[in-house]
Amino acid sequence: MKRSAHSRRIRRNTFRRHPASEGTRMKVGIIGAGAMGRAMARRAALAGADVLLADPSTVLARRVAREATAGSPGTVAAATARSALRPGLVILALDRAETLAFLRSQRRPLTGKVLVEVTAPRPWPYGTEGPCGTEGPCGTGMGDLTAAAPGASWVRACAAGDAESIYRGLIDGHPVDVFVAADDEPAKIRVIELANRSGLRALDAGRLDRARILDELTSLGREISHRLAAPEGWGIKLLPSW
């Protein structure tokens with residue numbers, strides 16, 4: 001079976017790190033300045049991007065922007081949600097339910113934007129029956145989100161670790177893995193390149209329907225770290241590193 005040019009390019013980009021090109025600075029919007037938003041802002045700044053960071057708390061957004069920018073080639077500036085939605089690539093770093101509410105509140109369509117979901121639904125407590133009639137995590141995949149912004153190119157980027165490990169970028173000296181799934185291959189390539197430039201290791205996880213599996217991976221990591229009482233900075237690593 002012949003692979004498309006895009007598929008071959010994705011496979012090449014999956015394990016390659018790309019230094020930021022002179023004169024080309026990626027513009028990135030981030031919605032949410034909590035733990036995950038802080039980690040995403042730091043990684044994007046280290047990748048040399050110009051970041052607009054929005055959060056309901058302006059004080060929090062400004063503090064995170066200063067912290068994320070320190071010692072990086074990129075910039076992070078606190079902004080309104082409207083401004084943070086202007087770049088072509090926007091990272092959604094809110095809780096999954098909050099992201100859905102945010103998307104539904106937008107009066108302007110997000111057609112043509114690359115929207116990157118980086119959080120997973122909160123798992124239903126183990127030992128109890130969740131709304132889907134089963135125990136444990138009860139993810140919804142990306143269906144609700146894509147329906148709220150149908151004109152956007154959706155990407156699920158799942159870092160194999162918690163927010164602190166993503167912020168640091170390393171687990172026991174190894175780059176944190178990021179699994180990237182999307183139906184839009186050029187959009188996937190953009191996210192893979194951004195992750196690799198930031199010092200993480202991006203891995204092609206296939207089409208967007210793999211988002212549910214990635215949500216389960218996140219839930220599994222949370223459950224194991226909880227059972228082991230692991231400190232912040234835990235992660236799951238695909239070895240060997242190549």
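1. Let's start with a charged pair in this predicted model: Asp183 and Arg207 are joined by a salt bridge between their side chains, with N to O at 3.4 Å. The two partners come from distant parts of the chain, 24 residues apart. Asp183 sits in the loop between β9 (177-182) and α8 (185-197), while Arg207 belongs to the loop between β10 (201-204) and α9. Asp183 is partly exposed, because its relative accessible area of 40% falls between the 20% limit for buried and the 50% limit for exposed.

2. The elements around that pair are worth a look too. β9, α8 and β10 together form a β-α-β unit, and its hand is right. The two strands, β9 and β10, pair in the parallel sense, with four bridges between them. If you want a spot to find this pairing on screen, Phe179 is placed opposite Leu203 in β10.

3. Now for the sheet as a whole. It is open, has eight strands, and reads β3-β2-β1-β4-β5-β6-β9-β10 in order, with mixed pairing. β3 (75-78) and β10 are the edge strands; each has a single partner strand, so one side of each lacks a neighbour in the sheet. On average, neighbouring strands are turned by 25 degrees against each other, direction ignored.

4. Further into that order, β5 (residues 114-117) and β6 (residues 153-159) run parallel and are joined by four bridges. Here Leu115 has Trp154 in β6 standing opposite. When you follow such strands by eye, keep in mind that side chains in a regular strand alternate between the two faces of the sheet.

5. Two helices deserve a mention for how they meet the sheet. Helix α2 packs on it and touches β1 (27-31), β2 (50-54), β3 and β4 (89-92), with a direction at about 170 degrees to that of β1. Helix α5 lies across β1, β4, β5 and β6, and runs at about 155 degrees to β5.

6. Which residue pairs with Arg96 in a salt bridge? The partner is Asp215, and the closest N and O atoms are 3.2 Å apart. This bridge also links distant parts of the chain: Arg96 is in helix α5 (residues 96-105) and Asp215 in helix α9 (residues 211-227), 119 residues apart. Both Arg96 and Asp215 are buried.

7. Another salt bridge brings together the side chains of Glu67 and Arg38, at 2.9 Å from N to O. Glu67 is in helix α3 (residues 58-69) and Arg38 in helix α2 (residues 35-46), so helix α2 takes part here as well as packing on the sheet. The two residues are 29 apart along the chain. Glu67 is partly exposed, because its relative accessible area is 27%, between the 20% and 50% limits.

8. That pair does not stand alone: shared partners in salt bridges join Arg38, Glu67, Glu164 and Arg168 into one network. In total, the model has 14 salt bridges.

9. Finally, a charged residue without such a partner. Asp162, in the loop between β6 and α7 (163-168), is buried yet has no salt bridge. The nearest side chain of opposite charge is that of Arg168, 7.1 Å away, whereas a salt bridge calls for 4 Å or less. What does Asp162 touch, leaving aside its neighbours within four places in sequence? Its contacts are Pro231, Glu232, Gly233 and Trp234.

Key: Residues are numbered from 1 along each chain as its sequence is written. This is a predicted model: local features need pLDDT of at least 70, side-chain atom pairs count only at pLDDT 80 or more; totals for chains, interfaces and linings use all residues. Side-chain values use heavy atoms; hydrogens and water are left out. Buried means under 20% relative accessible area, exposed over 50%, partly exposed in between (1.4 Å probe, protein chains only). Two strands pair if DSSP finds at least two bridges between them. Axes are lines fitted to C-alpha atoms, for helices over the stretch in contact, and angles run from 0 to 180 degrees between N-to-C directions. Contact means heavy atoms within 4.5 Å. Lys and Arg count as positive and Asp and Glu as negative; His and the chain ends are not counted. A crossover is right-handed if, with the strands pointing away from the viewer, the path from the first strand over the helix to the second runs clockwise.
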